[in-house]
Amino acid sequence: MQSFDTVILGGGPGGTTAARILAQAGKSVALVEKTHLGGTCLNCGCIPTKMLLGAVAPLALLHAQQRTRVAKGEIAVDFAALQTRVSRFTSGTSKTLGKNLASMGVTIFTGRGEGIAPGTVRVHAEDGTTDMTAQHIILACGSSSAAFPGLTPDHDCVLDSTDLLRIESVPESLVIIGAGAIGLELGDFFSAMGCKVTIVEAAPHIAPLEDADIAAELRRALQKNGITCHEGARAKDLRTVDGQAQLTLEDGTVISAAKALVAVGRTPNTTGLNAQQWGCNLNKRGYVETNAFLEAAPNVYAVGDVNGLVLLAHAAEHQAVYVAERILGESAGEYQSGPVPSCVYGAMEVMRVGQTAEALLREGKNVEVSQAALSLNPIAQASGGTAGFVKTVWSDGKIAGIAAVGAGVSHLVMVALLLIKEGYTAQNLHKVMFAHPTLDEIVSMSIMAPKVRVESN
């Protein structure tokens, strides 16, 4: 039986980050990955989606200039060539990642990891099983597309996000169930490619994790671009009927499309993990429970999507750095994420760092909001993308969150993060010099704008 200092289950952003740090520190590390290194983010999530959106980004820029009557023309995107480029990039990057880890001394196992006893991992591979022991185990198994009774992909006309990313041609029409980041981004891309897109969201508004005013501005932009949005609409049944996807809502409305995307969230990859054998507990949704030190059991840690704390690739990496440093004895305190940045990409983007106003109100906090319209910014004016705004959320005199909706606002995420983390206010913002003209300036305008008290509904 082989023995390692650390065995890591999952080769996504969290697992590979921890493996790199520990291996470079001289630890013996085994990394177990069932399908492909890089995880969902690289292979069938964040990266391929952004490559698709990057290909159609010039279309949005051209349309914006056409609206100002200063330019005209056409841009044709070759979908087949784009899909080939995405496939080659993700495959090549995954292989390079494996080579780099191997060069650092990481032993990579292709297969499914399973707990069989405390400190012991069994790997199920095509050629048999391998057992190994470890002083520490890191669970970085990630998550997969969720499905519910009546909303289960059949991989024919009813697809999950992986299916849709690998589709061979642009469908004539597409209905998307779920208006989170995945549904919104893929809807934006396929709409730009000429597909008739309908988005259905059960929550009161699209982008349900954001404040209602952000969602409303996003909805206006989507509808202006030809995307139909149904909010507060619950799906009852979705199936393939006569070569078409047929969605039935609870109110009896029937929506048909060439294809349907089920984008109703994520579910942790803990089925068959047998994490209980290591002393771990799973909550009702199947996520691995952890304490304040990201420990799931003695000498067992869980990072990234599998612990359910924040389902973002950069959160997995951040947690992995902490766990690796803890194993190396370089970090003794509790895990602190700090303000978490998130973005939704597309022709109209959403950016947020920290809390929403609505979440703070639910906690009974006093909330104020100040905001500035993108139309006041010269860079937004120059690009023709003036719809949207930046808002600063205040609680007890401190910035609790900064959010934005508009073209290119994802580029504001780091300036927003640093301003919140360093505790800037309208009174000491002058200590930071904002370059002019830049899109960043709209964040400072939002902070300096008059505050308005927000009351709960």
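**Exercise 1. Residue T16**

Determine in which helix T16 is placed, and whether T16 is buried or exposed in this predicted model.

*Solution.* Step 1: T16 has its place in helix α1, which covers residues 13-24. Step 2: the relative accessible area of T16 is 9%. Step 3: buried means under 20% relative accessible area, so T16 is buried. Step 4: leaving aside residues up to four places away in sequence, T16 touches G10, G11, L31, L97 and L101.

**Exercise 2. Strand β9 and its partner**

State how many residues of strand β9 are buried, and describe how β9 pairs with strand β10.

*Solution.* Step 1: strand β9 spans residues 173-177, and five of the five are buried. The strand is therefore largely enclosed by the rest of the structure. Step 2: consider the directions of the side chains. S173, V175 and I177 point one way from β9, while L174 and I176 point the other way; residues of both groups are buried. Step 3: β9 pairs with β10 (residues 196-201) in the parallel sense, over five bridges. Step 4: one residue pair illustrates this pairing, since I177 has V200 of β10 as its bridge partner.

**Exercise 3. An open sheet**

Give the order of the strands in the open sheet that contains β12, β13 and β14, and identify its edge strands.

*Solution.* Step 1: the three strands are ordered β12-β13-β14, with antiparallel pairing. Step 2: β12 (235-241) and β14 (254-257) are the edge strands, as each of them pairs on one side only. Step 3: from one strand to the next, the twist averages 20°. Step 4: β12 is joined to β13 (residues 244-249) by six bridges, and the two run antiparallel. Within this pairing, A235 stands opposite L249 of β13. As background, strands of a sheet pair through backbone hydrogen bonds, either parallel or antiparallel.

**Exercise 4. Two crossing helices**

Classify the arrangement of helices α3 and α6 from the angle between their axes, and list the residues that meet.

*Solution.* Step 1: the axes of α3 (residues 46-67) and α6 (residues 181-192) come within 9 Å and cross at roughly 45°. Step 2: this angle makes α3 oblique to α6. Step 3: the crossing of α3 and α6 is left-handed. Step 4: on the α3 side, the residues in contact are T49, K50, L52, L53, V56 and L59; on the α6 side they are E185, L186, D188, F189 and A192. Step 5: sorted by class, the contact of α3 with α6 comprises seven nonpolar, one polar and three charged residues.

**Exercise 5. Backbone exceptions**

Most residues other than glycine have a negative phi, and most peptide bonds are trans. Describe the backbone and the setting of N274, D396 and P437.

*Solution.* Step 1: N274 has a phi near 55°, a positive value in a residue other than glycine. N274 is found in the loop between β16 (266-268) and β17 (295-297). With a relative accessible area of 31%, N274 is partly exposed. Step 2: D396 also has a positive phi, of about 55°, although D396 is not a glycine. D396 lies in the loop between β22 (388-395) and β23 (398-406). The relative accessible area of D396 is 62%, and D396 is exposed. Step 3: the peptide bond between H436 and P437 is cis, with omega of about -5°. P437 lies in the loop between α11 (413-421) and α12 (441-448).

Note on methods
Residues are numbered from 1 along each chain as its sequence is written. This is a predicted model: local features need pLDDT of at least 70, side-chain atom pairs count only at pLDDT 80 or more; totals for chains, interfaces and linings use all residues. Side-chain values use heavy atoms; hydrogens and water are left out. Two strands pair if DSSP finds at least two bridges between them. Helices (H or I, at least four residues) and strands (E, at least two) are DSSP runs, numbered from the N terminus. Axes are lines fitted to C-alpha atoms, for helices over the stretch in contact, and angles run from 0 to 180 degrees between N-to-C directions. Angles under 35 degrees count as roughly parallel, over 145 as roughly antiparallel, 65 to 115 as roughly perpendicular and the rest as oblique. A crossing is left-handed if the near helix is turned anticlockwise from the far one by less than a right angle, and right-handed if clockwise. Contact means heavy atoms within 4.5 Å. Ala, Val, Leu, Ile, Met, Phe, Trp, Tyr, Cys and Pro count as nonpolar, Asp, Glu, Lys and Arg as charged, and the others, Gly among them, as polar. Buried means under 20% relative accessible area, exposed over 50%, partly exposed in between (1.4 Å probe, protein chains only).
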